[in-house]
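Q: Could you take a close look at the aromatic rings here, how they pair up and what sits around them? I'd like the geometry and the cut-offs spelled out.

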Amino acid sequence: MSGSDYTIRPEAPSDYRAAEELTREAFWNVYRPGCTEHYVLHCFREREEFVPELDLVMEKDRKLIGHIMYARAEIQADDGRKIPILAFGPISIAPEYQRKGYGKILLDDSMKKAADLGAGAICIEGNPDFYGKSGFVTASTKGIHYFAEPREAEVPYFLVRELKEGYLNGVTGTYRPPEGYFIDEEETEQFDKSFPPKEKLKLPGQLV
Ligand SMILES: CC(C)(COP(=O)(O)OP(=O)(O)OC[C@H]1O[C@@H](n2cnc3c(N)ncnc32)[C@H](O)[C@@H]1OP(=O)(O)O)[C@@H](O)C(=O)NCCC(=O)NCCS
């Protein structure tokens with residue numbers, strides 16, 4: 001997809017390192033001192049849940065300014081079914097291009113592609129202020145619960161969006177992110193050393 005001043009295209013192997021650098025820059029010190037998302041991305045490309053068709057980069061001025069990846073996931077339904085869905089993330093926009101609308105454009109374009117591939121719904125943990133603008137709602141209002149929280153909790157950061165209307169009708173159950181999102185902290189530390197040094201800071205608003 002091309003807009004007036006950007007292009008969205010599949011990630012190529014020659015983009016891998018730049019996408020990891022971009023991810024590191026975007027997430028650094030946002031949710032914790034430092035970040036782990038660049039290592040999540042690095043490992044995910046080899047995993048079977050990874051969706052190559054939805055591994056996308058955004059370019060502007062011949063520079064990589066955005067990236068998103070998706071993974072196959074499932075809802076463990078209370079009636080025993082496993083409902084196939086997608087998860088995505090990390091999604092990153094280069095710091096100097098944030099809050100200019102590019103993240104929403106990249107997300108919305110990738111969700112169109114996901115729908116074209118036949119996906120029925122997406123679950124994501126994240127900021128409702130950003131994802132709400134792209135049609136995500138609190139998952140517990142749809143009867144979908146987050147594995148790490150009590151069943152009765154309304155979890156404001158756990159969100160769902162149907163891509164096929166009615167896909168989750170009659171479904172209640174629990175979601176656990178795909179294994180690729182759970183990474184080893186020590187391995188992450190080692191991987192991070194292959195990037196230029198960057199100061200880890202404890203800042204207000206971080207989750208960890
Ligand atoms: C989150 C991210 C992908 C959003 O991309 P972006 O290009 O900055 O966002 P957009 O400009 O498209 O935002 C669209 C709307 O979403 C909302 N929004 C975006 N980021 C937000 C934030 N951090 N806090 C609150 N609202 C936010 C805003 O309402 C924004 O509209 P506004 O700027 O007119 O208020 C990007 O900021 C980023 O890479 N952040 C660091 C990494 C990260 O947090 N990734 C997501 C993990 S869940």
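A: Sure, starting with the ground rules. This is a predicted model, where local features need pLDDT of at least 70 and side-chain atom pairs count only at pLDDT 80 or more, while totals for chains, interfaces and linings use all residues. Numbering runs from 1 along each chain as its sequence is written, and side-chain values use heavy atoms, leaving out hydrogens and water.

Rings of Phe, Tyr and Trp (its six-membered ring) pair if their centres lie within 6.5 Å; planes under 30 degrees apart are stacked, over 60 edge-to-face, the rest tilted. That rule gives 17 aromatic pairs. One of them is Phe-27 with Tyr-31, tilted at 6.0 Å centre to centre and 45° between the planes. Phe-27 is buried at 11% relative accessible area, and Tyr-31 is partly exposed at 37%; buried means under 20%, exposed over 50%, partly exposed in between, with a 1.4 Å probe and protein chains only.

Then there's Phe-158 with Tyr-175: their centres are 5.4 Å apart and the planes at 15°, so this pair is stacked. Phe-158 belongs to strand 8 (residues 158-162) and Tyr-175 to strand 9 (residues 173-175), 17 residues apart; strands are DSSP runs of E, at least two residues, numbered from the N terminus. Phe-158 is buried at 1%, and Tyr-175 is buried at 0%. Both belong to one aromatic cluster with Tyr-146, Phe-147, Tyr-157 and Phe-182.

Phe-182 also has Arg-176 over its face, 4.5 Å from the ring centre. A charge counts as over a ring if NZ of Lys or CZ of Arg is within 6 Å of the ring centre and within 35 degrees of the ring normal.

Technical notes
Helices (H or I, at least four residues) and strands (E, at least two) are DSSP runs, numbered from the N terminus.
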